[in-house]
Structures are given as C-alpha cells and as structure tokens.
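Work through the exercises below with the sequence and the 3D view at hand. Try each task before you read its solution.

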Amino acid sequence: MGEILLQIDGREVKVEEGMTILEAAQSTGINIPTLCYHEKLEPYGACRICTVEVETGGRTNLVAACLYPVQENLVVMTRSEKVDKIRKMLLELMIAHAPEAGALQELAQEYGANKDRFEKEPSFCILCGLCVRYCAEVKKKNAVGFVDRGGRREVIFIPEIAAKECWNCKECFPLCPTEALQAGYLLTEALAFPSGNR
Amino acid sequence: MPRINSPTELEELRKSILSKRDPDRPCIAICAGTSCLALGNDRVIGAFEEEIKKQSLEAKVDIRATGCHGFCEKGPNIVIYPEEICYMEVIPEGVSDIISQTVLGKKVIDRLIYTDPNTGEKAAHQSEIPFYKNQMRHLIGNNTKVDPKSIDDYLALGGYSALSKSLFEMTPEQVLEEIKKANLRGRGGGGFPTGLKWETARNAPGEKKYVIVNAHEGEPGAFMDRALFTGNPHSVLEGLIIGAYAIGSHQGFIYTRHDTPQLRNNIVVALTQAEGYGLLGENILGSGFNFNVEVHLDIGIFVSGESSALMRSIEGKTPEPRPKYIRTAVSGIWEKPSNLNNVETWANVPQIINNGSEWYTSIGTERSKGTKLISLSGNICNTGVVEVPMGTSLREIVYDIGGGIPNGKKLKAIHFGGPLGGSIPASLLDTPLDFDELAKLGAPMGAGGMLVMDEDTNMVDVARFFLNFLTDESCGKCVPCREGIRQMLKILTNITQGKGREGDVALLEELAEVAGNASLCALGRTSSNPLLSTLYYFRDEYEGIKENG
Ligand SMILES: Cc1cc2nc3c(=O)[nH]c(=O)nc-3n(C[C@H](O)[C@H](O)[C@H](O)COP(=O)(O)O)c2cc1C
Ligand code: SF4
C-alpha cells in the first residue's frame, strides 16, 4: 500500500492508503468525536457525530470521517461552522433519549448543545449498535439485535441465545456510550419475559 | 420450444409466427392490470371465454389478457382489434352484446365508448380519445398488443431484434456509446446518466459483474413500473441482456415486489420462455455470450429500493443502506461491480438500439430525452398510467390528458416524487416535465408519481403525510434521519392540531438542514423535500395555522 498526502485542519499529513479520515486523524493526534465507532468493528456510520467537511476538486462536502477513505490532496476540516452546527443538533437529538449519558453530556458542553431542546423520551439508547455489532462481529453469537425499523427501531436480547451466552460474557456492557446498565436492564428483561410480554 | 441459434433463425421464427397470424382476425385485448382486476375484470375475461365457447367462435376470435392499458379511471378496459375500438367500464353482462354487435357485426356500441364529460363528444379509438391521443406511448403502448405470458406476441412486434443487433452487429463498446449518445437518464429517481454508470461498471476491475433491475417501486402513488413490467416483461428483459453485454456481465438480478404475485409470475414465465428460445442462458443466439437472471423478492419497506440497501438485500442481509463513498457500480453486491437501473430505464434500451440515439434525442428537451411514464393520481379526472415526451408541460398532463380537476374544484398544487419529492403551486403549471427544471423548483420528478391536489388540500398535512410514511419506511440506522424525522413529524402534528409554537418553522428548517447534510443515505438526505417545498411555496399555511391555534 502506498502513502497518501492530505491536509487535515491545515496540517500536511502523510498516511497509509486505505485508511479512513478518522484513522488518519487519530494517527496524527487530531481528535474527531465518535459514538458508534469501535476499532475492532466494521465502520458503521450511524451516529454521524464524526461528520467533517472535505474539499475535493473545488467542492466541499460533509462526510462521515469513520467511513470516508483518504485520497491524495484531500483537504479535511474537522471543525467548521457547518460541522459544529450539525454535531450540536445531533447531540440535542440523542440527549433527548439518554439525558444522563456521560459521553453525551461532555460533548454537549463542548458544542454548546441545549440538553432540553427536544422533549425527553428516555429510552437510554441511541441505537449506536455497539453491543449488537460486537456480539455479531467479535463474539459471533448474535445474542443481541435490532428489531423494527425507522422511528421504532430498538435493541433486544434474543432470550434463547442470551440465556446461554450472556451471563458469562457481558463484554458489550462497557461499550455502551449511554449507560452501561442499560444493556443489563435489557438482558434481564429478555430473560425474565422471554415471550416479550412486558 | 426450438432453440434459436442465429439471427437468421430468429428472423425465420418471427416470420413463422407472423405467418400464422391473420391481422384481420378479431382479437379482444382485455386489461388484466392490477386496477382493472380489482374492478372485476377477471369476471369479464371469464364471460368472454364463455361467450366465445357458447357461440363456437374459438377458431375465429382471439382473447388476450393483457397488462395495464393505462386508463385506470375508466376500467375495466378492453380494446377490440383490428379496428382498435376501446370500450370502457365493461361489465360481464355486456359481453354477449360486444361479441355479436362489435366483434361479429362490426358496429360500435355507443354506450361503451368514451364520452367527453364536458363536450359530450364521443370517441371510439385510442387515436381519438383525449387521454390517449395526447400521449406518446412508446413503452406502454405495446401493453394492449401483447399477452405478457407470450414471448411470441413480443417477437411478433419485433421483439429481441435489438438484442440480435447488439450481439451480432455491434461491439459492447458501440452499444455503450449509443446509450451515452442517447443521453438516457435513469428513471428511478436520480436522473443519473445511464451510459456513464454502465461505463463505470464496465471499466471497474474484476471478472464478475452484476446487472440489476430495480422493480421495487416503493414510492407511494407510483404504479407505472408495475404496469410496464407486468404488461410487457420482455421489453425490460431485452434491455437488461443488452446492458449486460455492454457492461460485460453474465449474471443479472431482478429485484421485485413480494406482494404482486402477477408481476412475479409474469417475470418468471418471461425468463423461462426466453431461456427456452436461447435468448437467455448459455451462448445466446449462438453468439457465445452467456447471461443468466435470478429473481429476488424485496422486503416491503421503502428504503430497500435504495441502491446499497437493495444490494444488501440481494446478499440476503437486512436492507440497510451502506455508505457509498465507493459507487455501487464499482463495488456493489458482494463487493463486485453492480449496475442498477430502474425498470423503465432498461425498457428504453431496446428502442434506442433499434432506432438509434439520434431518433431518441429528437424526443424531449435539451437535457431530458425520450418519453417518461407518469402515474397520475389524486384530485384528477383521469387517474392512470401516462406516457409523454419529456418537455410536455404539466398543464397538458393535467388538463389535456388528465381531464382536469373533478367536482369543479380549482387546482392547488402538484406533488412529484413521493416522500423524497416536492410540491409546486398551480401557478407553475407551465413548467415542462424535465429532470432539471423540476428539481430546480424543489419538486424532483422521482420515479414519476404525479399527485394532483385541489384547493381543499392542506399542504402542512401533505408534508406530514410523507414524513409519517418515512417514519415506518426508513431503516432507522442513523441519527439525523431517524431522530430528525421524529422531531419534524412531532412539530408538524402539533401545527396541524393548532398547537404550533413560536419558532417552529425555524426549528423545522434547522432539522431539515441537518438531516439533509448529515444523513447516511439519500432517503435521509432528501426526506425533508416535501417539507421544504411546502414551506417555500405555502409558508402562510404553516404560519396561518399557528395563529389560528
Ligand atoms: C429511499 C430510496 C428508495 C428508492 N426506491 C427506488 C425504487 O423503488 N425503484 C427505483 O427504481 N429506484 C429507487 N431508488 C433509486 C435507486 O437508489 C437507484 O438510484 C435507481 O434504481 C437507479 O436506477 P436508474 O439510474 O435507472 O434510475 C430509491 C432511492 C432511495 C434513496
Ligand atoms: S438516512 Fe434514514 S434510511 Fe438512510 S441509513 Fe440513515 S436512517 Fe436509514
């Protein structure tokens, strides 16, 4: 693999071909916030908090840093008025579901997000899918998954698999960006009411 | 079925089919499209069969159950050949009269022909009925002439001659060049240049390449792909095989609806018949070119029509969009170059090859060429499937073809492109049907669903309807789309209930901007089109409702 020269926040950066913008930034110590990213997992691109501005061929675009592959002469701005505005609102939208989440609160502070902008609907979950994907990709157990779609999407443990696998694993619990206990709650619920009668 | 091994054999077969057909022999083409069937046309078909048997006319009169004729409003529809007499709103009880008076007696029955509701003028032939005569039915017009389950009907109309020409008289590069010169643009919503996409897939590295028909048609209010594909499946299939040849693909997929058994069935029959004749499979027409097609049923959710979600679905995974920083034409199904086109796009290919790109570019506007299928619905007299040359004004579609607005109401707005499209006011009625003109006005054509709305329509409700639709029909993976739609919908619901608040409109605009800029796929990125267009053209309705409340 060859090397690629690009510019991040005004700095010339030399990185390996095939890297994403996020990896390139991390390799040079530039911080881009993430919530659904995990280095052991396939990039997912769901929280969009890593949105950055890129310039190629004279055009600027907003792209997800965790997915966008680096290109020669790419110009990346990890902060800009547009980027900050997007991150602020994404945080406001997510915080309505997980008001107590530490990771969200910290970022909210940094981006000036108003925690009360949207009516609270605490589900304690921002559907980042870290637990789901970790279980599928690393543990290969698929004990936890998404159900439903659109605005009704949620995470559930599959009772038949969870009963066998989860108590001795729980490796997904600490990955949760909102509340490690949320996974525990859902797991207990799945095992206590396996037929979904809740 | 004899296998055809050369272009000469194809022409011989065609001649032999035609020689067995008497052009003067009466044939009753009965619409068996979705809408007419729902109106009871299966009973009409049954009644004709019975009557013909009763009068022992089997050797003298043919019946053809066809795809959608287009004039759904007036169904059940029939056309009687060779005179091409159109009868509308036919009931089983009228069948024996039709046989004795028209088919045998050659007399037109007045009460069954079209009557203009305004002038009272009568019209018996497609060439005289305003709904049909103001169209240019290059694609859908053959629906009345073929039984979708008969490849011989398609061959009789010159079918598969474009394939034969491509394989034996043109190189793949020449086929590609012809499509590029024709300026064919994708009919599935984006209007992307088809030739460029084919070229990208063709040049992408890798031996294995796929070509795909997008027959998902998830846009609410759109029913023209179904009408075309169900009624004339070989026209789409022929286009697909030609595309595969140009791109260098040997495997195709048809991604179609799980809930339209008739369409699925007609596709399967078409594939089997094409294979039987050697027009599909190994060594097509003896050319050495191999190509196979598999049918995949969709997951009945709107987002599964999006290209990357569709490809995941074909891989057997959940139809969730994949970020497309690498185009699917380069890396699609199983990371192989995968060229996806809409049903109507593929159906345009054979006629471009047959008639040449110059003929094709003579139809339409500067940047939108050819004809376009439109599903006309809403507050319009003539609901149905319409085909017009690009550049036709919306006024002509609404009034000359659509017959205007029913119940003496005034036209208020026209909505194009379903949940990812937009609404424009009646004052813009002289806008031509054109990808770029409509997109500029904030009402991108989408796949061609055209919803006509009268003066009683509440435009905030229209925006709310589409956002509500997307709540259930998006995947819910990414935050800006899932949460953005949730909040926009809440605000709109409040406004329509008179509970709007100061700052609602500004917040809606900010949510729309974030969803538009940060969402993962085109669904999220264009989900606020209906909202933004109605905010732009009908802003007072948003603000007015707030004040009243
Ligand atoms: C949410 C969403 C749904 C779509 N649904 C369809 C569909 O039902 N049929 C279709 O042909 N294209 C649909 N498209 C467009 C496809 O992604 C793709 O652009 C198209 O099939 C390409 O074909 P074309 O170039 O011939 O238009 C959809 C796009 C989005 C974003
Ligand atoms: S934009 Fe909407 S439909 Fe597309 S990936 Fe995100 S949530 Fe799914």
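The exercises go from the ligand outward to the chains and their backbone.

This is a predicted model, in which local features need pLDDT of at least 70, side-chain atom pairs count only at pLDDT 80 or more, and totals for chains, interfaces and linings use all residues. Residues are numbered from 1 along each chain as its sequence is written, chains are lettered from A and ligands numbered from 1 in the order in which they are written, and side-chain values use heavy atoms, with hydrogens and water left out.

**Exercise 1. The shell around ligand 1**

Task: Find how many residues surround ligand 1, and sort the shell by class.

Solution:
- Step 1. Collect the residues with a heavy atom within 4 Å of the ligand. The shell holds 19 residues. The closest are B:Gly188, B:Lys197, B:Asn341, B:Asn342 and B:Thr345.
- Step 2. Sort by class. Ala, Val, Leu, Ile, Met, Phe, Trp, Tyr, Cys and Pro are nonpolar, Asp, Glu, Lys and Arg are charged, and the others, Gly among them, are polar. The shell around ligand 1 has five nonpolar, ten polar and four charged residues.

**Exercise 2. Backbone contacts and burial of ligand 1**

Task: List backbone polar contacts of ligand 1, then state how much of its area the protein buries.

Solution:
- Step 1. Look for polar contacts, that is, pairs of N or O atoms within 3.5 Å; within protein, one must be able to donate a hydrogen and the other to accept it, and residues adjacent in sequence count only if both atoms are side-chain atoms.
- Step 2. Take the oxygen contacts. A backbone N or O atom of B:Glu217 is 3.0 Å from an oxygen atom of ligand 1. A polar backbone atom of B:Ser307 is also 3.0 Å from an oxygen atom of ligand 1.
- Step 3. Take the nitrogen contact. A polar backbone atom of B:Gly305 lies 3.4 Å from a nitrogen atom of ligand 1.
- Step 4. Turn to area, from the Shrake-Rupley method with a 1.4 Å probe; for residues, only the protein chains shown count as cover. Ligand 1 alone exposes 610 Å², and the protein buries 89% of that.
- Step 5. Assign the shell to elements. Helices (H or I, at least four residues) and strands (E, at least two) are DSSP runs, numbered from the N terminus. In chain B, β10 (338–342) and α21 (522–526) each give two or more residues to the shell around ligand 1. β10(B) gives the most, with three residues.

**Exercise 3. B:Glu217 and B:Tyr160**

Task: Describe the phi, the loop and the accessibility of B:Glu217 and of B:Tyr160.

Solution:
- Step 1. Set the classes: buried is under 20% relative accessible area, exposed is over 50%, and partly exposed is in between (1.4 Å probe, protein chains only).
- Step 2. B:Glu217 is not a glycine, yet its phi is positive, about 40 degrees. B:Glu217 sits in the loop between β7 (210–215) and α10 (224–231) of chain B. B:Glu217 is buried, at 8% relative accessible area.
- Step 3. B:Tyr160 has a positive phi near 65 degrees. Its loop runs between α6 (151–156) and α7 (161–169) of chain B. B:Tyr160 is buried, at 0% relative accessibility.

**Exercise 4. Helix α19 of chain B**

Task: Compare the span of α19(B) with the expected value, and follow one of its side chains to chain A.

Solution:
- Step 1. Helix α19 covers residues 479–496, 18 residues in total. The expected span is 1.5 Å times one less than the number of residues. From first C-alpha to last, α19(B) reaches 25 Å, close to the expected 26 Å.
- Step 2. Check burial. In α19(B), 15 of the 18 residues are buried, so the helix is largely enclosed by the rest of the structure.
- Step 3. Pick B:Arg486, which lies in α19. B:Arg486 is buried at 19% relative accessibility. A polar atom of its side chain lies 3.5 Å from the backbone oxygen of A:Gly151.
- Step 4. Look past the helix. B:Gly498 follows α19(B) and has a positive phi, near 75 degrees.

**Exercise 5. Cis peptide bonds**

Task: Where do the cis bonds before B:Pro76 and B:Pro82 lie?

Solution:
- Step 1. The bond from B:Gly75 to B:Pro76 is cis, with omega near -10 degrees. B:Pro76 is in the loop between β2 (62–66) and β3 (78–81) of chain B.
- Step 2. The bond joining B:Tyr81 and B:Pro82 is cis, with omega about 5 degrees. B:Pro82 is in the loop between β3 and β4 (85–87) of chain B.
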